[in-house]
Amino acid sequence: MFFKKGDPEKTNDIKGASVIKDDVGSITESGESYQVSDIPPELTEKELKRLLLKIDLRIIPYVSLLYLLSYLDRVNIGNAKIAGLMDDIDITESDYNWALSIFFIGYILFQVPANLMLKWLGPRLWIGIIAICWGTISAALSACKTGSHLLAARFFLGGVIYYLSIWYTRKQVALRVALFYASNTLAGAVGGLLAFGIMRMDGLQGLSGWQWIFIIEAIPTLICGVFNYWLLPDFPDKAKFLTEKERAFIVHQNQQDAGVASDTHFSWRQVVSVIFDWKTITFSLLYICAATPPYSLSMFMPSIVNGMGYHNIMAQVMTVPTYVCAFIWCIANSYDAGRRMERGYHIAVSAALSAIGYILLIALKDQRSDHLYAGAVIATTGAFGFVAIIISWFSNNYGGHTRRNVGIATITSVGNLSGVISGQVYRADDAPHYYRENLSPEEIQARTEGKTELGEKHPLFRYVT
């Protein structure tokens, strides 16, 4: 991007209104350039708010819908399990857990290449292609007859954060990422309600309720994929719903926000340097830890609630309030984090809230189901409340399009190892409380009998911490 030297300045027009003004020459974005008119882009604060609202209404609801649908297709296997999946196909509990985990292996392998394709092909075309493929494979899950079929389909199931980061400044993006990310909590709520209704279609056209769950919930994804090219704007400099003045202002605003790190060219040197950057490694580890609780809760919440004593259909409905509370907290916590331009403390508070919920689930495991349910609500609320802040945090700390794109892709890719872990958290042999007691004397004897070289692997060995 090429601009005349100098920072944006605020001036007052003849009516005294505050004006945000930039002197702009020619602008290059997404590898293309066009000449802005000689009239410099200047917006009053009211006009800027109107412009942001215009962009928000055009982008945020649709990308949130896409994420809601993708998350719904990702976790509806938990609803399908309660709806009879395990009874109808040849699958073990272990195969089921690996079907949950293996999706994320594909996610990890394809995330960075997919984000690079997003930059090269543009969001309208590439995200549409991905949505069509995703919806097709999601629907195909209904045809699985064995555990191996399910494993294969889930593997192939698997950039919106980068896309949002090129439309908004670092301060503006926190709330937008929260609105986008919070849609996955709504996916949990919507999924429970849909599963409640779809289970009543059991036997229709010779298909089981769990098959209808996969088919019906894939249809909106396919529709969005087909119409994505016309619904999703490309990059700011190509956005036809904005005026030339508005396009110039948004592009320059984001360049000013990036400061000296506002490059747009692509190079493999940047790709390699970002992948091995200490920030990338640190944020990846943080993301693994942060994403494991919400992923595991999303995939197993129907089974967890079922284990509290709620029968199959009621268990689907009882998952809804947990996600509604999580949605409200996610938005509120992220809004405050964006307003204060702070991330760490807000993450810590939400993580502590989640920890309290998990402690209650353990401490009250022998109490009434409503006490356990309250612990599940608190744990879920806290768990979903800080991941969005972490996402906006690492997207804020890379300058330049290529570095930010690769950084986001690498962190979310490596961080999705949390999904592999999550699929193994709630094992069937730990149900209904999913809490492991100490081994009984009989279990210790079974594990040690005839084994003389266990060393520190002996069940009674205690490590020093």
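User: Which helix gives the largest share of the lining of the second largest cavity, and how many residues is that?
Analyst: This is a predicted model, where local features need pLDDT of at least 70, side-chain atom pairs count only at pLDDT 80 or more, and totals for chains, interfaces and linings use all residues. Residues are numbered from 1 along each chain as its sequence is written, and side-chain values use heavy atoms, leaving out hydrogens and water. A cavity here is a set of points on a 1 Å grid over the protein atoms alone where a 1.4 Å probe fits but cannot get out, and lining residues have an atom within 4 Å of a point. Helices are DSSP runs (H or I, at least four residues) numbered from the N terminus, and the largest share comes from α10, with 4 residues.

User: How do the residues lining the second largest cavity divide into nonpolar, polar and charged?
Analyst: Okay, the lining includes Tyr67, Tyr181, Asn184 and Pro294. Tyr and Pro count as nonpolar, while Asp, Glu, Lys and Arg count as charged and the others as polar. The split is 8 nonpolar, 1 polar and no charged.

User: And how much space lies in the largest cavity?
Analyst: Its lining includes Val75, Gly188, Met301 and Tyr323. α1, α6, α10 and α11 each supply at least two of the lining residues. Volume is the space filled by probe spheres set on the grid points, which are joined across faces, edges and corners, and here that's about 70 Å³.

User: Is Cys289 buried or exposed?
Analyst: Buried means under 20% relative accessible area, exposed over 50%, and partly exposed in between (1.4 Å probe, protein chains only). Cys289 has a relative accessible area of 58%, so Cys289 is exposed.

Note on methods:
On a 1 Å grid over the protein atoms alone, a cavity is a set of points where a 1.4 Å probe fits but cannot get out, and a pocket is an open set with protein on both sides within 12 Å along at least five of seven lines; lining residues have an atom within 4 Å of a point.
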